[in-house]
Amino acid sequence: MKHNPNSVKVQKRISGHLKTVNLYAAGIDIGSEFHFVAVPEELDDQPVRSFACFTADLEMMAQWLVKTGITTVVMESTGIYWIPAFEMLEEHGLDVKLVNARHVKNVPGRKTDVQDCQWLQQLHTHGLLEGAFRPEDQMCALRAYMRQRETLIRYRASHIQHMQKALRQMNLLLDNVVTDITGKTGMGIIRSILAGEHDPEVLAKHRDSHCKKSEKVIAKSLHGHYRAEHLFALKQSVALYDFYEKQIEDCDKALEGQLNQFDDKSESSFLPAAKRKSASAPGFDVRSHLYRATGVDLTAIEGIEENTALKVVSEIGTDMGRWPTVKHFCSWLGLSPGNKISGGKVLSSKTKRIPNRAASALRMAALTLVNSKSALGAYYRRMRSKLGAPKAITATAHKLARLIYSMLKNGSEYVDRGQEYYEEQYRDRVVKNMKKRAEDMGYKLVKLETASPS
């Protein structure tokens, strides 16, 4: 085909180019010793600078950004090194966004700190980065206290294991006759042993009236070989256990003080009867404090006890407006199915592996519903028989998350309809689907009438 010289080539204007959303945006590559900061080239003769991590240098960095006219800053979430810089920049009135390093992978060839901060600044200028969730300062403080408490509980658990190890080395089988060696019976016997009493009959008299085993059985388990080195190990383990108990008590007081600072959102002071308090829950009335801070009783949900409710609230806050819909909320928790699709084929629908503390707490709550007579318990058992335990736990945690979102956003109360109501609703739904399938195939589903007894 010959080319016609008289033909005019019409070039269409291509729309949809990247728009400049944030004109005064900066990017920071966070490090343990230095932070590299990039601003638009038009704002400064030296658009990329490095600042040390000392507080004075962070102050200089914030002042430089404000002086150049920067209004918004983005940084990668690297360990805990970002926290001082984040707080310093916020105090200077800058809009700071924390992004997941996994979401801002550099294009090939960008391997230096300078190029990293420039790449962050470029992405943020075009509005391609979304900040990670971070609650308000008041909730951040509560979250810090809760995470510190969980750390202390882990350390305390290690020393409980050391106590059990020392007892076993002396062939004192206390853990075989009591459910918890740190309970009233167990600690009474251990402290008596450390005080010098080794007579099994005398030690067994520390048995609490609620203990299932008799004094005779307990005394039989306390015939052992009291070697000095094992007694020394037991003594130090008990001392460390007591130390962490005191630290946890102090942490509980700080938690209660922080909860007292929240505004009262409750419309009434009436609360229904409380469930049995968890052994790991703080020593104060967590339920009343949470009800006052959130305006709803989250512990009314089956499987959600005081400690779980406090963990979840400290991680997600009370403002559900951060997530447009409940689907966004469940996706952020990592409890929604994935959508890995290619060529019209679903490659995987597994949930994302997100290290979310709130989701972990909800999964633990879902696991406690295995024998529950509630509607949630019936749902968990049905899903377990259909999908297996791991997927059933995630599915039930997803349902718990939806309930919490609805309660916190709408201020609604949770009412458990019971296992029988759930089973009836499920049966009606199955029958409805069967009728629809039968009609599609040209059949009619008819219920068999049971013969009345003569």
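Which helices and strands each supply at least two residues of the lining of the largest pocket? In this predicted model, they are α2 (82-91), β5 (95-99), α4 (137-169), α12 (326-333) and α13 (357-367). Selecting these five elements is a suitable start to the tour.

**The largest pocket**

Next, select Leu 98, Ala 132, Phe 133, Arg 134 and Trp 332, the lining residues that lie nearest the centre of the largest pocket. The lining as a whole comprises 45 residues, and the pocket has a volume of about 2000 Å³. By character, the lining divides into 21 nonpolar, 16 charged and eight polar residues.

**Aromatic rings**

Remain with the aromatic side chains, of which the whole structure holds 10 pairs. Select Trp 82 and Phe 86 as one example. Their ring centres are 5.5 Å apart and their planes stand at 80 degrees; because an angle over 60 degrees counts as edge-to-face, the pair is classed as edge-to-face. Both residues belong to helix α2, where they are four residues apart, about one turn of the helix. Trp 82 and Phe 86 are both buried.

Now move to Trp 323 and Trp 332. The centres of these rings lie 5.1 Å apart, with the planes at 50 degrees, so this pair is tilted. Trp 323 is buried, at 5% relative accessibility, whereas Trp 332 is partly exposed, at 26%. Extend the selection to Phe 133, Phe 329 and Tyr 405: ring pairs link these residues with Trp 323 and Trp 332 into a cluster. Phe 133 and Trp 332 have already appeared among the residues nearest the centre of the largest pocket.

A further ring to select is that of Tyr 379. Lys 399 lies over its face, at 4.6 Å from the ring centre.

**Cysteines**

Turn next to the cysteines. How many disulfides does the structure hold? The count is zero. Select Cys 53 together with Cys 117: the sulfur of Cys 117 is the nearest cysteine sulfur to that of Cys 53, yet it is 14 Å away, and Cys 53 is in no disulfide. A disulfide would require the two sulfur atoms to be within 2.5 Å. Cys 53 is partly exposed, with a relative accessible area of 27%. Cys 211, by contrast, counts as buried, at 14% relative accessibility.

**A loop residue**

The last stop is Asn 171, in the loop between α4 and α5 (174-177). Its phi is near 60 degrees, a positive value in a residue other than glycine. Is Asn 171 buried or partly exposed? At 45% relative accessibility, Asn 171 counts as partly exposed.

Key:
Residues are numbered from 1 along each chain as its sequence is written. This is a predicted model: local features need pLDDT of at least 70, side-chain atom pairs count only at pLDDT 80 or more; totals for chains, interfaces and linings use all residues. Side-chain values use heavy atoms; hydrogens and water are left out. On a 1 Å grid over the protein atoms alone, a cavity is a set of points where a 1.4 Å probe fits but cannot get out, and a pocket is an open set with protein on both sides within 12 Å along at least five of seven lines; lining residues have an atom within 4 Å of a point. Grid points are joined across faces, edges and corners, and a volume is the space filled by probe spheres set on the points. Ala, Val, Leu, Ile, Met, Phe, Trp, Tyr, Cys and Pro count as nonpolar, Asp, Glu, Lys and Arg as charged, and the others, Gly among them, as polar. Buried means under 20% relative accessible area, exposed over 50%, partly exposed in between (1.4 Å probe, protein chains only). Rings of Phe, Tyr and Trp (its six-membered ring) pair if their centres lie within 6.5 Å; planes under 30 degrees apart count as stacked, over 60 as edge-to-face and the rest as tilted. A charge sits over a ring if NZ of Lys or CZ of Arg is within 6 Å of the ring centre and within 35 degrees of the ring normal.
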